[in-house]
Amino acid sequence: MNIVNLPDNNIVKFDRINAIIASVVFAISFVVYYMTMAPTFSFWDCGEFVACSYKLGIAHPPGSPLYILIGRFFAILPIATDVAVRINLLSILTSAFTATFAYLIIVRLIRFWFENTKDIYNRIIIYIGGFTGALFVAFSSTNWANSVEAEVYAPTMALMLAIYWLALKYFDNQGGMSGSRAMLLALFLAILGVGIHLTLFAIVPAIGLYFILKKDATNRHWMIVSTFFLVELYFIFRLSSKPDEVPFYLTVLILFIVFLFHLLQCGKVTKAAAISLGLYLIALYPFYFILIDNLMQRFGGSGLSSNVKAMGEMQIGWIGLAGLLIWGIYLLLQRFKDKNSSKAESEQQLIVAIYSFAPVLLIGLGEFFGAFDPYIAFKTLTVISVIALFGFLWRYLNWSIVVALGSISMIMLGFWPFVYGLCVGAVAIIGLGYFLKDKSWKTALAIILLAVIGYSVHGYIPIRSALNPSIDQNNPSESMTAMVGYLERKQYGSETMTSRMFKRRGEWENQFGDYRRMGFWQFFKEQFGFNGSRFFIAFILGLFGIWETIRRKPSIGLPFLVMTVICTLGIVLYMNFADGTRQHPMTGQGYLEVRDRDYFYTAGFIFFGMAIGLGIAGLMALLKDSFKNYAPTIQKAAFGLSSLLVLMPIAPLSANYFINDRSRNYMAYDYAHNLLKPCEKDAIFITNGDNDTFPVWCIQEVYGIRKDVKTVNLSLANAPWYIKQLKKYHGVPIGWSDAEIDRLRPYQAQDGTVYRLQDQVIDEIIKQNQNRRPVHISVTTPSSNRKFMGKPMDSVLILEGMVYQYTPFKALNQIDYEKSRRMYEEEYEYRGIADTTIYKDEATRRIVNNYSQGILWMADTLRRVGEISDAFDRIKNGLTVLPESHDLYGYGTQLLADQGKFDTLETFIGQAKTDNKAELYMQWAYSARSQDNMDEVVRVLEMVFSRYPDYQEGFRTLAGTYYQQKNITKLKEILSIWLVSHPDDKDVKQAIAEVEKFEISVDTAGGQ
């Protein structure tokens, strides 16, 4: 059909109340974001984005060119004194629109639930569901964090939800001109938005279902295409796993959940389906033991005994799996034999048969294709699945739109696949129109054209790069190869993200579970203000909302489910975060993620926030229906009480306000300023990574502070393009020619020393500089990176505040004490660090704790010359700046213990604002031991064991001390105490047995 020229057929009248509530959502979100907005730039990428927006620079791959251009527009607006604040306002504004679009989407979804949307009670349900869901989106922790600082995720999420809203508008007006315009605008924004962040495109395959399926597609067709996406995710999961890493019952469990969901959706369980369910339950036999064991351990037990666990290893599960296969084949044969059954009965039997042998089919495919390259196997399975899917749906597809969507979706595979996809797609679309007379070919061709226009924003990158801006990451104008590599994020390796996800960099339980910095569940359970076990309130509401939407309107609910799964579990698979368990011994790849990676799940958290709103609406509708046969007064009272659910967003607002309030956080600005402060004029300043480089770039380029200092980032110094830039445009003394730079490679010397490119760059700079310009190194640079000619540089470095200065004079532990003292106690700024009312996450705490290094050096310098009291004063002064620094408390503990000031020490540790007081007591005990004061050692260790009975180091040290003193009675006592709370500790059990033998030998010897 020609979906361009047909008239509109479903125009919804303007709803004034709906518009007012949407405006209220926008206003509430904007005001809260504005109140919590960062007053300057923040750590990580924010400094780079602010600097690149202000200077029109080239940010790290893939560049976010659209963000930089819009950021430049905000940077020149006279709306705030600080440039960073102006650019932060871009995030605030777009995130407020995200909340608004979330409201409008939820309202549209719920309207599909009711035949009579004019009924006052139904309207209230619709508005409350939209309002609460939108505020759960607005105040979810990760989305809020991205909304108050200069980051790409805020505008990305706004565009994503705008696209989804347009897709729903198309669904409402399918076949009309406004519907056609909505589709074209949605797909144009999808490609244009890639210029901000590719995450945006994650929902395009799911919303594309609205565009490719014809109006007469049934619920069964929507179920099939939705299942296709879930099967694709399963293939990624299975093929990227190690051999035997995925037990068979996990596949059975996934299919069992889908099958059960399908049956509940149908509302009818036939005898054949009941038998299949029973066989599924048998096939899940091993899973029950694992589930019970984990639950017992979670709730404080020791888990199942080894004998019971052995029962779970019986092959009963495989019997159930075999039974499913046989039953599925039997149902297929019966379907073909029985000619008298109705079409509906025959289809039901076919569906049950497919679900019956699906587990064996998926397990078999996984085993077979697991022997091949996983990426190639996945592409092969995808092609086969797509052919089968299209073969089944060919009558219900808008084929020209299918081709157009497939063409633009190649952008997820890379630049050249995208280009070839557009060219091939355009030719195919013209062929469909000319030879097959497909009337929608013009619309499909318009999609291709709009994709070209939308992607053209990336033309900014080579054009601006060719002008050599001060920040020109990867120098993408150098060649077409460099440009393509830049767009495909190959700064960090030659492998694309798509192929990399098939080489797992972490354990599944860590990537999906509650694991620091990268575990999905860890972030998910902290999003919506319901902490601890209360989180399951929000979780159940969200699942109920998704279920109700699917139950009432599968063609609306199923795509919503698919988008939610893709943006949560799908992102886990795609990003493939490293947990440190699979680190490559040579390259170091696979390290633990350096920061919390929750922001990659922002879209998923937003969709689930909307699902909570749907769940609240579903609960209100359920209560309304439950009281429909009661008296009107009772009905109104019950409905009024259920309407109080509108207050639920107070939970995320109150719980997440403190952790997302950046309004008084100047720490990144001060940190960069303090790094540059000690640097001599025209110095070369060597930094290590993002957080000692991006803030420095920002205050140099945006605020004009210390532009005389030339910054050299060691992480980037491993890339030839950066070395060339340092030489040509930043005035860093490097004598190599461009050809010599291109030939640089890491190498290993005969003595085994490995010379990375960054090591060679340091050597070259120091040799070429010949002490003409000061060379400084940030204290954040680890000792492994502070090398000259393959040897540690510590003997030629002088600490000056937060930086080392290179000097040809050799002496260990050099420090310019007076300059460092002046910097730390007179010139440095520490705004907010000691303020407990300002939230500091783990990364920020780790970064600002770098201040402690200079303080410790000053204190140690005084200690070594006998000025212990002054050394302790330096520590006390440092603690006024860093009141939570464990390092400073540890050194202060050592100073007091060395002086024997045990009374003062008890007070000092007692008042320490650190979570690791047990370690401070251990430092006290070790210092006492170094003075041979064993009575004090025992007293402190006994105090540690009494106060921290689960602290292993304290227990083992005390046990070892008792053993050395041959205090067998005390030793047996603490071993027994420990074993009560740690019954699985085999070492302690063995120690108790050894002690009993020792006692027997002593008694026997005494008897002789």
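## A buried threonine

With which side chain does the side chain of Thr 142 make a polar contact at 2.7 Å? The partner is Asp 598. The model is predicted, so these distances come from a predicted model.

Thr 142 sits in helix H6, which covers residues 141-147. The side chain of Thr 142 also makes a polar contact with that of Gln 527, at 2.8 Å. Leaving aside residues up to four places away in sequence, Thr 142 touches Gln 527, Asp 598, Tyr 599, Thr 602 and Phe 605. Is Thr 142 buried or exposed? Its relative accessible area is 1%, so Thr 142 is buried.

## Helix H4

Helix H4 runs over residues 83-111 and has 29 residues. From first C-alpha to last, H4 reaches 43 Å. The expected value at 1.5 Å a residue is 42 Å, and the model comes close to it.

How many of the 29 residues of H4 are buried? The count is 24, so H4 is largely enclosed by the rest of the structure. The N-terminal end of H4 is capped by Asp 82. A side-chain oxygen of Asp 82 lies 2.7 Å from the backbone nitrogen of Ala 84.

## A nonpolar surface patch

Four residues form a nonpolar patch on the surface: Leu 281, Tyr 288, Ile 292 and Met 296. Together they have about 320 Å² of accessible area. Which helix gives the most to the nonpolar patch? Helix H13, residues 285-298, does, with three residues.

Leu 281 belongs to helix H12, residues 271-283. Leu 281 has a relative accessible area of 41% and is partly exposed. Why can Leu 281 count towards a patch? Patch residues need over 30% relative accessible area, and the 41% of Leu 281 is given above.

## Salt bridges

Side chains of opposite charge can pair when their charged atoms come close. Across the whole structure, a search finds 39 salt bridges. One of them joins Lys 677 to Glu 827, with the closest N and O atoms 3.9 Å apart. This pair links distant parts of the chain, 150 residues apart. Lys 677 is in the loop between helix H31 (667-676) and strand S1 (684-687). Glu 827 is in helix H36, residues 817-827. Both ends are partly exposed: Lys 677 has a relative accessible area of 32%, and Glu 827 has 27%.

Another salt bridge is between the side chains of Asp 708 and Arg 706, at 3.0 Å from N to O. Arg 706 is partly exposed, with a relative accessible area of 23%.

## A network around helix H36

Which residues are linked with Arg 821 in a network of salt bridges? They are Glu 818, Glu 825, Glu 826 and Arg 874. Within this network, the side chains of Arg 821 and Glu 818 meet at 2.8 Å, N to O. Both residues lie in helix H36. They are three residues apart, about one turn of the helix.

The two partners fall into separate accessibility classes. Arg 821 counts as buried, at 18% relative accessibility. The cut-off for buried is under 20%. Glu 818 is partly exposed, with a relative accessible area of 42%.

Definitions and conventions. Residues are numbered from 1 along each chain as its sequence is written. This is a predicted model: local features need pLDDT of at least 70, side-chain atom pairs count only at pLDDT 80 or more; totals for chains, interfaces and linings use all residues. Side-chain values use heavy atoms; hydrogens and water are left out. Helices (H or I, at least four residues) and strands (E, at least two) are DSSP runs, numbered from the N terminus. The expected span of a helix is 1.5 Å times one less than its number of residues. Buried means under 20% relative accessible area, exposed over 50%, partly exposed in between (1.4 Å probe, protein chains only). A polar contact is a pair of N or O atoms within 3.5 Å; within protein, one must be able to donate a hydrogen and the other to accept it, and residues adjacent in sequence count only if both atoms are side-chain atoms. Patches are made of residues with over 30% relative accessible area and no salt bridge: like charges are joined within 9 Å, nonpolar side chains (Val, Leu, Ile, Met, Phe, Trp, Tyr) within 5 Å. Accessible areas come from the Shrake-Rupley method with a 1.4 Å probe; for residues, only the protein chains shown count as cover. Contact means heavy atoms within 4.5 Å.
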